[in-house]
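I opened my notebook for this one with a fresh page and a few things to look up. Here is what I wrote down as I went along.

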Amino acid sequence: MHVAELLHPAAARPLRFLGLTASGLALTVGAGTLPALAVTTTAGRPATAVTAAARPAVTSLTGTPVAVSTLSTTDAWAVENSSTVLHWNGAAWAQTKLPEYGTGSYLEAVDALSPTDAWAAGFYDTSSSQGHPLLEHWNGSTWTRTASTGATRGTPSQSVLTGTFLQGVSGTSASSAWAVGYDVIASGDVYSVSVILRWNGTTWTRVPSPDPGGGTNVYLNAVTSVSATDAWAVGYYTTPAGKTQALTAHWNGSAWKVVANPAHGDPDLLGVTADSSSDAWAVGSDGEKTMVLHWNGTSWTQVASPSPGDFDNALFGVSAVSPTQAWAAGSYEIQKPTGVAPVKTLLLRWNGSDWTQVTTPNPDRVSGLNGVSANSASSAWAVGSYQVRHSGGQIPGQTLMLRWNGTAWTRS
């Protein structure tokens, strides 16, 4: 068994679109992703070193961006479900493949704090099927792997599959950042526990993290930081009775504590954002419909959100710049009697009172968005991929970059 197969159990999690083969959709579940598409990149070179002449047109890029972080109209980062990063310089996206570790590296999250300070997080596999946390740092010229301390809670052996999978990263300064995810431990039954790592400006160390409900499965999928004493992490857990519960955990400056939320159904929270201590959003799915929760500084409430699809309505990312401006990105599926059911991009906009669906490009029959990031009311990026129709064999996947200019979302 490949260590990546230990990611979210397939039975209950919302599907994230990754690719399409001649025989049907290739999907993954929750926030855990699997390698899907071949990538042609500039190996071993820092992203800013790729010349304008060497940059391929965005429409020719192959790969599946899973997260994006934007600083300004001329500076944004995205990561693919591989060891690939993409950088926007105001004119074009440059694609760079970072060094591989183990038998494969997979980046799942990115957060840019400044032009000289950004983090990417994920995991890498080893030949003994052990997953290890992967943290890469951008210093303004190069990406460098940064080690973390704190062993997996399980006790690995040759017959025990176990791994640490980072799914989210967020920071507020050069000396304060968080990375979250989970351990998957196969010792008899397969189970998982939450993982939270803290950056103090010098090292990443593991800190005590919530494992609520007495259950055997706890997953943290995303994290957002407001200050050194205020951060949120979200995901889900299962109770001993097998019931799924949404997980919202808060850092108060001294400890991570579970905070109650009203999510219902079969919930999984996949994205979180906060622009202040009294304005935070968490998004995901209740199993079939989109789910949006809001924090007002005192409690979480569930807010109505559009679910335009016949099924598999899910939001994978969210970004807020003010109490009256936020975006959530995902996908939904349309019922089709035969053949491949169309998958559509989904972008929702918060105007201070309601979430509404906005018109977005869908380059082909199967298109999806995995992340969104805004730096102002007139500047945002949403990332994902789409599949090109093909007569047979592997259907090529194309990178999908959508840009908000204050008026409309367009392909870049």
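**Strands, then rings**

Three bridges join strand 15 to strand 16 (residues 204-206), and I noted that the two run antiparallel. For one register point I looked up R198, whose bridge partner in strand 16 is T205. I also checked the hairpin of strand 15 and strand 16: four residues lie between the strands, and G201 takes a positive phi near 100° there.

A reminder to myself: this is a predicted model.

Next I went to the other neighbour. Strand 14 (residues 176-187) and strand 15 (residues 189-199) run antiparallel and are joined by eleven bridges. Here I picked G181, and its bridge partner in strand 15 is V195.

Then I stepped back to the whole chain. How many helices and strands are there in the chain? I found zero helices and 32 strands. Of the 412 residues, 57% are buried. I looked at contacts with a separation of 6 or more, and residues 24 or more positions apart account for 52% of them. For the surface I logged about 14900 Å² exposed by the chain, with carbon and sulfur atoms supplying 51% of it.

On to the aromatics. My search of the whole structure gave 27 aromatic pairs. One that I wrote out is Y182 with Y219, an edge-to-face pair at 4.6 Å centre to centre, with 80° between the planes. Why does this pair tie together parts that are apart in sequence? Y182 lies in strand 14 and Y219 in strand 17 (residues 217-227), so the pair links parts that are 37 residues apart in sequence. Are these two rings on buried or exposed residues? Y182 is buried, with a relative accessible area of 0%, and Y219 counts as buried at 3% relative accessibility, because the cut-off is under 20%.

For another pair I looked up W350 and W355. Their ring centres are 5.8 Å apart and their planes are at 40°, so the pair is tilted. W350 counts as buried at 9% relative accessibility, and W355 counts as buried at 5%.

Back to the tyrosines: Y182 and Y219 also belong to one aromatic cluster, together with Y106, F123, F165 and Y236.

Last, I looked for a charge over a ring. Which residue lies over the face of Y101? I found R145 there, at 4.6 Å from the ring centre.

Key: Residues are numbered from 1 along each chain as its sequence is written. This is a predicted model: local features need pLDDT of at least 70, side-chain atom pairs count only at pLDDT 80 or more; totals for chains, interfaces and linings use all residues. Side-chain values use heavy atoms; hydrogens and water are left out. Two strands pair if DSSP finds at least two bridges between them. Buried means under 20% relative accessible area, exposed over 50%, partly exposed in between (1.4 Å probe, protein chains only). Contact means heavy atoms within 4.5 Å. Accessible areas come from the Shrake-Rupley method with a 1.4 Å probe; for residues, only the protein chains shown count as cover. Rings of Phe, Tyr and Trp (its six-membered ring) pair if their centres lie within 6.5 Å; planes under 30 degrees apart count as stacked, over 60 as edge-to-face and the rest as tilted. A charge sits over a ring if NZ of Lys or CZ of Arg is within 6 Å of the ring centre and within 35 degrees of the ring normal.
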